[in-house]
Amino acid sequence: MSITGKEIIRVEGLNKTFKTSQGKIVALDDINLSINEGEIFGIIGLSGAGKSTLVRCINLLEKPTEGKVIFDGQNLTDLKSKELLKARQSIGMIFQNFNLLEQRTAIKNICYPMEIAGFSKKDTLKRAEELLELVGLSDRAKSYPSQLSGGQKQRVAIARALATNPKVLLCDEATSALDPNTTQSILSLLKEINRTLKVTVIIITHEMSVIEKVCNRVAVIDNSKIVEIGDVKKIFTNPESEIAKQLILPKWESRVKLVSDRSLRLIFDGNSSFEPIISNMALKFGVSVNILFADTRNIDGKAFGQMLIQLPEDENAVSRIKAYLDSRNIAYKEESLDV
Amino acid sequence: MFDEQIRQLLLTGVWETLKMTVISTLLAYIFGLPIGILLNLTDKNGIKPCLVVNKILGFIVNLLRSVPFLILLVTILPFTRAIVGTTIGSTATIVPLVVAAAPFVGRMVESSLQEVDSGVIEAAQSMGTPVFKIIYKVLLPEAKPSLLVGSAITITTILGYSAMAGFVGGGGLGAIAINYGYYRYQTDIMLVTVILLVIIVQVFQETGMRIAKLSDKRQK
């Protein structure tokens with residue numbers, strides 16, 4: 001990855017309200033974002049949180065009620081409609097339902113944005129063939145979308161979105177209609193495109209696993225507002241907002257009800273060696289601990305995650321455990337479980 | 001079963017009916033297609049919402065469609081005379097046929113275009129497609145199978161109208177059925193014209209549906 005630190009998209013004080021017969025609905029409330037060139041940026045939230053509206057405000061498919069969207073130094077909200085159409089050619093977009101032209105073959109779908117951008121016929125076809133190869137579908141050039149699987153359709157859509165050499169690729173729930181294996185392969189493809197073509201990727205999703213696999217930074221959106229924003233590693237190991245905790249640890253609450261005791265949350269942040277902590281505790285101090293919840297993941301080749309263990313009644317044992325964790329460089333936090 | 005004269009009469013009738021129907025359908029589409037596109041674009045969920053245009057156009061379309069064809073035909077006789085110089089015969093019938101069918105075509109086209117997935121239009125917009133190109137590169141090609149089905153329905157409807165025009169001096173099979181079958185009680189001639197009409201309708205409808213199906217890339 002090549003994150004240059006140069007800003008490619010800045011969203012300032014963005015508001016979006018929809019007028020309905022039931023009155024005004026606030027879809028986005030004072031959104032501020034800065035996305036760097038070359039990064040893979042995630043936006044996560046539950047459905048209805050406003051994330052799809054946010055991504056549509058970035059390329060102005062939805063007109064923001066207030067605020068600015070600055071793309072590559074240009075304020076999109078100030079552009080005339082012709083200039084905006086031109087700017088959109090530098091912002092690719094893929095969708096949950098692929099949105100391919102059903103009456104065109106795969107290759108003709110990829111040609112479409114180049115026809116609009118006014119490429120020559122020869123260049124268009126040549127580039128479309130290259131893109132099909134990039135997404136691994138050279139043999140399906142003449143297939144119609146109805147003859148392709150979901151994953152293949154999304155690959156065609158990705159090729160189409162990249163046709164005009166965009167600087168940014170917006171992905172609106174791009175893997176939500178796909179099975180886990182296909183999701184994996186599409187995410188790998190996005191990562192590869194980010195690495196090789198230096199395209200900034202913005203991923204909208206409701207699945208934490210998608211963020212964890214590919215994103216560098218993430219914004220958590222809840223109730224039309226951004227509640228948390230930062231490095232994926234940081235938010236994963238130490239989620240602060242309620243909604244982030246819910247998204248990262250979906251089963252937390254149901255587990256917690258099993259005990260009503262004190263517990264300790266161990267945080268593996270990639271700095272500690274991955275030794276068998278729990279068994280060592282048992283062996284060295286003769287304390288037995290219950291594991292209430294454990295979730296560790298591999299992010300960028302390092303171990304990250306959390307473990308929730310039940311503390312023994314004995315205060316001495318508790319302080320011994322804490323001392324041991326300190327010596328092992330493992331962060332922890334005492335949690336009360338009277339939820 | 002009929003003598004040479006009657007056979008010649010029926011043949012001319014078939015020819016006139018086909019001429020009226022096909023020319024009227026073509027003209028009805030020349031006027032109706034833009035009406036349908038405009039209705040679709042200006043709809044509140046369209047790509048250029050404009051309620052004023054949409055409501056006014058919709059009202060005119062509904063108005064024309066609610067007038068029974070025979071009444072419309074008689075009402076616009078002066079208009080017909082102004083355009084083709086006469087009010088009788090198959091050529092004169094084309095005028096009221098187009099006036100009656102164009103709004104019908106407009107609604108058919110509007111509903112066909114509405115079937116195009118809004119996501120696909122959104123994708124086209126995200127790629128910076130101007131409105132005019134969305135119409136001829138996305139809306140019309142994507143709706144093509146449905147538009148063809150619509151045209152098969154339109155052509156058979158116009159055929160039915162053209163037969164009705166036989167009552168007031170229009171040409172074609174309708175006029176033969178009325179003049180010989182109804183006024184002269186020659187039931188056999190009436191029966192034959194009806195059978196011929198049924199065959200023509202079947203052929204148009206079947207062919208239209210087949211072409212529509214063949215052109216649709218969604219189910220192969």
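**Notebook: Phe167(B), a sheet and a cavity**

I looked up Phe167(B) and noted a relative accessibility of 42%. Phe167(B) therefore counts as partly exposed, because that class lies between the cut-offs of under 20% for buried and over 50% for exposed. The model is a predicted one, and I read every entry here with that in mind.

**Aromatic pairs**

I looked for aromatic pairs over all chains and found four in the structure. One of them joins Phe167(B) to Tyr182(B). I recorded 6.0 Å from centre to centre and 70° between the planes, so I entered this pair as edge-to-face, the term for planes over 60 degrees apart. I then checked where the two residues sit. Phe167(B) is in the loop between α7 (131–164) and α8 (172–182) of chain B, while Tyr182(B) belongs to helix α8 of chain B. The two are 15 residues apart, and the pair links distant parts of the chain. I also asked which residues form one aromatic cluster with Phe167(B). They are Tyr182(B) and Tyr183(B).

**The sheet in chain A**

Next I went to chain A and traced an open sheet of six strands. I wrote down the order as β6-β7-β8-β3-β9-β10, with mixed pairing. Which strands are at the edges? I found β6 (91–94) and β10 (225–231) of chain A there, each pairing on one side only. From one strand to the next, I noted an average twist of 15°.

I followed the edge strand β6(A) to its partner. That partner is strand β7 (residues 168–172) of chain A, and the two pair in the parallel sense over four bridges. Within this pairing I found Met93(A) opposite Leu170(A) of β7(A).

**The largest cavity**

I then searched for enclosed space. The structure holds three cavities of 30 Å³ or more, and for the largest I noted a volume of about 70 Å³.

Which residues line the largest cavity? From chain A I listed Arg88(A), Gln89(A), Ile91(A), Gly92(A), Met93(A), Pro113(A), Arg160(A), Ala161(A) and Thr164(A). From chain B I added Ser126(B) and Met127(B). Met93(A), which stands opposite Leu170(A) in the sheet, is thus also in the lining of this cavity.

I sorted the lining by element. β6 and α5 (150–162) of chain A each supply at least two residues. The largest share, three residues, comes from β6(A), which I had already noted as an edge strand. By residue class, I counted five nonpolar, four polar and two charged residues in the lining.

Note on methods
Residues numbered from 1 in each chain as written. Chains lettered and ligands numbered in written order. Predicted model: local features only at pLDDT ≥ 70, side-chain atom pairs only at ≥ 80, totals over all residues. Heavy atoms only, no water. Pairing = 2+ DSSP bridges. Axes fitted to C-alpha atoms, helices over the stretch in contact; angles between N-to-C directions. 1 Å grid on protein atoms, 1.4 Å probe; cavity = no way out; pocket = protein on both sides within 12 Å on 5 of 7 lines; lining within 4 Å. Points joined across faces, edges and corners; volume = space filled by probe spheres on them. Nonpolar A, V, L, I, M, F, W, Y, C, P; charged D, E, K, R; others polar. Phe/Tyr/Trp six-rings, centres within 6.5 Å; stacked < 30°, edge-to-face > 60°. Buried < 20%, exposed > 50% of the residue type's maximum accessible area, 1.4 Å probe, protein only.
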